[in-house]
Amino acid sequence: MTPRLFPEWHPQDAIQLTWPTPTSDWAPLLGQIEATMEAMVVAITRYQPVLIVVHDDGQRARLGARFTSLGVDASLYHLAVAPSDDTWARDHGPIAVERDGRIELLDYVFTGWGSKFAAARDDALTRSLASQGVFAAPVVSQALVLEGGAIESDGEGTLLTTSACLLNPNRNPGLDRDAIEARLGEQLGIARMLWLEHGHLEGDDTDSHVDTLARFCDPATIVYVRCDDPQYPHHAALAAMETELKALRREDGSPYRLLALPWPKACFDPDDGHRLPATYANFLIINGAVLVPTYGDAADFRALQVIDQAFPGREVVPIDCRAVIRQHGSLHCLTMQLPRGSLDPALFQR
């Protein structure tokens, strides 16, 4: 039977996080990123559980004590030990599909965004969790290189992505657009792929992941990043992307409802001054709410208003992500949703 790739708004068992370690690139910012991720855990557990991958038993004990002090119910989180290279669960976590009424967790190859960074432990992380009995659903390994941040699903067979990422020769050399579409059609049940040819963020290591640029909010609605200042280096590419989005059509021929997100002021690394990839498109949809990255910027409030308009009936929760962009990702990049039926319910029984 043809599989179905879930949209992010499908009911979830939990959100997966991978906690940073003192030996990772987060070392100089460890206190700041841990505070941000603690705020995420507190926010998410108001609505649903979290699965947190930790480096060792010592980190597991420390975080358990910390969450108790923050008032997080022990039945709303599970701490699993598995080695990791970094924190970006969006790209090393499993991608869930439904097949014959059952969940399958697809484990794609992760190479550190085209071998830019060490990724062997991250690539093995899903299999490590499976060997511990964390998942209730089978884990199925795939030979294709694919990151969760590179794709957006409407839940109805349409995938939104960027050519700069999926067709980059640093991912799957030798596979052209037709071959990628055929593979994802077979593995994810994709009937249509919408390819964006424009759009990028300075400071982004992912080769234009779509979750930094444009996102499905429901099958008919796409929110996207717009830059209104012609003086910004992003302006031309994002204006071209906006034109592309306006030309896209749903399967029935109707245009998408498009909502533009504002552009935060430029964020720079305080150490060497390079541009950081701040974007409001990197939000996370959970059961009953949407977590939105903020940057201490005047545009934060407008971004929250746009997301509120896109998700009627869900609470909109801001999360300060100024620490997260220091390592060139944001809120969505730190997370992976696990649809209902993915996890062993016993994980959260206390």
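User: How far does helix α7 reach from its first C-alpha to its last?
Analyst: This is a predicted model, where local features need pLDDT of at least 70, side-chain atom pairs count only at pLDDT 80 or more, and totals for chains, interfaces and linings use all residues. Residues are numbered from 1 along each chain as its sequence is written, and side-chain values use heavy atoms, leaving out hydrogens and water. Helices here are DSSP runs (H or I, at least four residues), numbered from the N terminus. With 12 residues, 177-188, α7 comes close to the span expected at 1.5 Å a residue (1.5 Å times one less than the number of residues), and its reach is 16 Å.

User: Within what arc do the buried residues of α7 fall?
Analyst: Buried means under 20% relative accessible area with a 1.4 Å probe, protein chains only. That picks out Ile180, Leu184, Gln187 and Leu188. They line one face of the helix, because seen down the axis (taking directions from the axis to the C-beta atoms) they fall within an arc of 75 degrees.

User: Which exposed residues sit on the face of α7 turned away from its buried side?
Analyst: Exposed means over 50% relative accessible area. On that face, the exposed residues are Asp178 and Glu186.

User: Why does proline 22 count as exposed?
Analyst: Proline 22 is in the loop between β2 (12-18) and α1 (30-44), strands being DSSP runs of E, at least two residues. Not counting residues up to four places away in sequence, proline 22 touches Ala27 and Leu30 (heavy atoms within 4.5 Å). Proline 22 counts as exposed because its relative accessibility is 58%.
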